[in-house]
Amino acid sequence: MTIKDKLEHILGFSLESTENTDFGDYSSNVALLDRSPHERAEKIVEKLKADKELSKIVDKIEIAGPGFINFWLKEDVLIDNLIQIGHHKEKYGASDVGKGKTVIIDYSSPNIAKPFGIGHLRSTIIGAALYNLYTSLGYTVVGDNHLGDWGTQFGVLLAQISKIPNYKLQMPNWTVEDLEKMYVGFHKEAAENPKLEGEAREWFKKLEEGNSEAKSIWQKCVDVSMQEFDKIYGLLGIKIDFAFG
């Protein structure tokens with residue numbers, strides 16, 4: 001348990017770290033919820049100064065502005081906390097409050113056959129942060145990368161790929177960029193030949209019905225994309241438990 005956790009447990013309300021240490025180590029705006037915040041803050045501080053358990057941790061409590069309550073920690077408490085951080089290292093602050101509970105994190109979710117975008121990067125990092133936080137609190141955490149690997153766009157890709165002479169020989173060398181070019185190329189052609197849209201729908205119908213050729217091309221698109229995504233996850237140091245489409 002961190003110092004902040006201990007303080008919040010004693011106080012019964014949450015604290016924020018101050019941006020400027022001139023205003024203490026921690027601060028609370030709990031009194032601002034009252035119609036007379038400064039008066040409310042004075043009553044809270046008076047009660048807190050009489051708390052013997054709190055006095056072991058806090059050196060000074062002051063009211064600032066309209067009713068902010070600022071807390072200064074005792075020097076020996078800060079030194080002891082540094083020792084604890086040095087001892088526990090990355091495990092500092094971990095607990096078992098989530099023991100016996102499961103959390104599922106659905107994050108990243110890139111689209112197959114398309115480049116990994118900035119939006120996917122954002123959700124990947126936020127998802128991984130949540131994953132790590134819940135893990136450190138003792139929860140059983142399951143990470144799911146929900147892939148965009150189905151839909152009419154695959155009819156487009158299948159239709160375009162099937163026209164490439166000896167496409168099966170070329171498939172091992174494809175990249176996500178190649179797949180995206182094929183997708184864009186189809187729509188340029190379809191703008192002049194609307195009948196191609198019907199071909200795309202037919203190919204997606206084949207895929208839904210389990211046609212072996214359609215599934216083979218689709219699987220290659222998935223494999224190529226996952227190789228690219230895994231390369232990015234590797235650079236970020238992120239491992240996702242499952243990748244479901």
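Here are some notes on the strands, helices and confidence of this predicted model.

1. Confidence first, as it is a pleasant place to start. The protein chain has a mean pLDDT of 91, and 100% of its residues reach 70 or more. Among the elements of the chain, E4 has the highest mean pLDDT, at 96, while helix H7 (residues 167–170) has the lowest, at 82.

2. Next, the antiparallel sheet. Four strands form an open sheet in the order E1-E2-E4-E3, and their pairing is antiparallel. Strand E1 (16–17) and strand E3 (58–64) sit at the edges, each pairing on one side only. If you would like to look at one end of this sheet, E1 and strand E2 (residues 26–28) run antiparallel and are joined by two bridges. There, Ser17 stands opposite Tyr26 of E2.

3. This sheet also has a helix to look at. Helix H2 (residues 37–49) packs on the sheet, where E3 and strand E4 (68–73) are the strands touched. The direction of H2 makes about 170° with that of E3.

4. Now for the parallel strands. Strand E5 (residues 102–106) pairs with strand E6 (residues 140–146) in the parallel sense, over five bridges. One pair to find on screen is Asp106 with its bridge partner in E6, Asp144. Between E5 and E6 the chain passes through helix H5 (residues 118–136), and the resulting β-α-β crossover is right-handed.

5. E6 deserves a second look. Besides its pairing with E5, E6 pairs in the parallel sense with strand E7 (residues 242–244), over three bridges. Here His146 has Phe244 of E7 as its bridge partner. As a reminder, strands of a sheet pair through backbone hydrogen bonds, either parallel or antiparallel.

6. Last, a helix pair. Helix H8 (residues 176–192) and helix H9 (residues 195–208) pack with their axes 7 Å apart, at an angle of about 135°. That angle is neither over 145 degrees, which would count as roughly antiparallel, nor within 65 to 115, the roughly perpendicular range, so H8 and H9 are oblique to each other. On the H8 side, the contact is made by Phe186, His187, Glu189 and Ala190, and on the H9 side by Leu196, Glu197 and Ala200. By type, the residues of this contact divide into four nonpolar, two charged and one polar.

Conventions. Residues numbered from 1 in each chain as written. Predicted model: local features only at pLDDT ≥ 70, side-chain atom pairs only at ≥ 80, totals over all residues. Heavy atoms only, no water. Axes fitted to C-alpha atoms, helices over the stretch in contact; angles between N-to-C directions. Parallel < 35°, antiparallel > 145°, perpendicular 65-115°, else oblique. Contact = heavy atoms within 4.5 Å. Nonpolar A, V, L, I, M, F, W, Y, C, P; charged D, E, K, R; others polar. Pairing = 2+ DSSP bridges. Right-handed = clockwise from strand over helix to strand, strands pointing away. pLDDT = per-residue confidence, 0-100.
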